[in-house]
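Work through the exercises below with the sequence and the model side by side. Try each task before you read its solution.

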Amino acid sequence: MSITDLLGAEDVKKAVAAFAAAESFNHKKFFEMVGLKKKSKQDVEKVFHILDKDKSGFIEEDELKFILKGFVPDGRDLSDKETKTLLAAGDKDGDGKIGADEFTALVAES
């Protein structure tokens with residue numbers, strides 16, 4: 001399964017392009033632009049599992065850095081600052097990583 005099986009390819013492309021500049025990433029706007037906010041909890045969890053590259057059940061900081069590449073192969077890497085901001089927003093239990101429930105909550109509050 002790929003991201004575009006769940007989200008519109010054009011929406012994904014536009015959203016990634018909107019945050020092409022360094023230090024411009026805003027997860028709330030991004031999740032809304034790709035259409036993730038309108039998806040069911042089950043679909044959001046499917047996207048989580050696609051982004052969880054090492055299949056650990058969590059999206060760790062090193063995976064977050066490459067989150068845009070999870071949506072399109074040529075997406076840019078997030079800066080360390082952007083990565084830490086996203087991790088802080090999503091890591092509700094303070095374990096240094098984002099679980100599936102934390103991810104769905106992060107998308108829902110966007």
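Two residues are in contact when they have heavy atoms within 4.5 Å of each other. The model is a predicted one, in which local features need pLDDT of at least 70 and side-chain atom pairs count only at pLDDT 80 or more, while totals for chains, interfaces and linings use all residues. Residues are numbered from 1 along each chain as its sequence is written, and side-chain values use heavy atoms, with hydrogens and water left out.

**Exercise 1. The chain as a whole**

Describe the order of the elements in the protein chain and its overall dimensions.

Step 1. Helices (H or I, at least four residues) and strands (E, at least two) are DSSP runs, numbered from the N terminus. The protein chain has eight helices and two strands, and from the N terminus on they follow the order α-α-α-α-β-α-α-α-β-α.

Step 2. The radius of gyration, taken over C-alpha atoms, is compared with the globule rule, which is 2.2 Å times the number of residues to the power 0.38. For the protein chain the radius of gyration is 12 Å, close to the 13 Å that the rule gives for 110 residues, so the chain is as compact as a globular protein of that length. Its C-alpha trace spans about 35 × 30 × 25 Å along the principal axes.

Step 3. Among contacts with a separation of 6 or more in the protein chain, 54% join residues 24 or more positions apart.

**Exercise 2. The nonpolar core**

Find which residues have the most contacts inside the largest nonpolar core, and which helix gives the most to this core.

Step 1. A residue is buried when its relative accessible area is under 20%, exposed when it is over 50%, and partly exposed in between (1.4 Å probe, protein chains only). Of the 110 residues of the protein chain, 45% count as buried.

Step 2. A nonpolar core is a set of buried Ala, Val, Leu, Ile, Met, Phe, Trp, Tyr and Cys residues joined through side-chain atoms within 4.5 Å. The largest one has 32 residues, and Phe30, Leu36, Phe71 and Phe103 have the most contacts inside it. The elements that give two or more residues to this core include helix 1 (3-6), helix 3 (27-33) and helix 8 (100-108), and helix 4 gives the most, with five residues.

Step 3. Not counting residues up to four places away in sequence, Phe30 touches Ala15, Val16, Phe19, Phe25, Leu68 and Phe71. In soluble globular proteins, nonpolar side chains tend to be buried together.

**Exercise 3. Single residues and their surroundings**

Decide for Ile3, Thr83 and Glu10 whether each is buried, partly exposed or exposed.

Step 1. Ile3 is in helix 1 and is buried, with a relative accessible area of 4%. Beyond its neighbours within four places in sequence, Ile3 is in contact with Val12, Val47, Ile50, Gly70 and Phe71.

Step 2. Thr83 belongs to helix 7 (residues 80-90) and is buried, at 2% relative accessible area. Leaving out residues up to four places away in sequence, Thr83 touches Glu61, Leu64, Lys65 and Leu78.

Step 3. Glu10, in helix 2, counts as partly exposed at 47% relative accessibility. The C-alpha atoms of Glu10 and Val34 are separated by 8.6 Å, although these residues are 24 residues apart along the chain.
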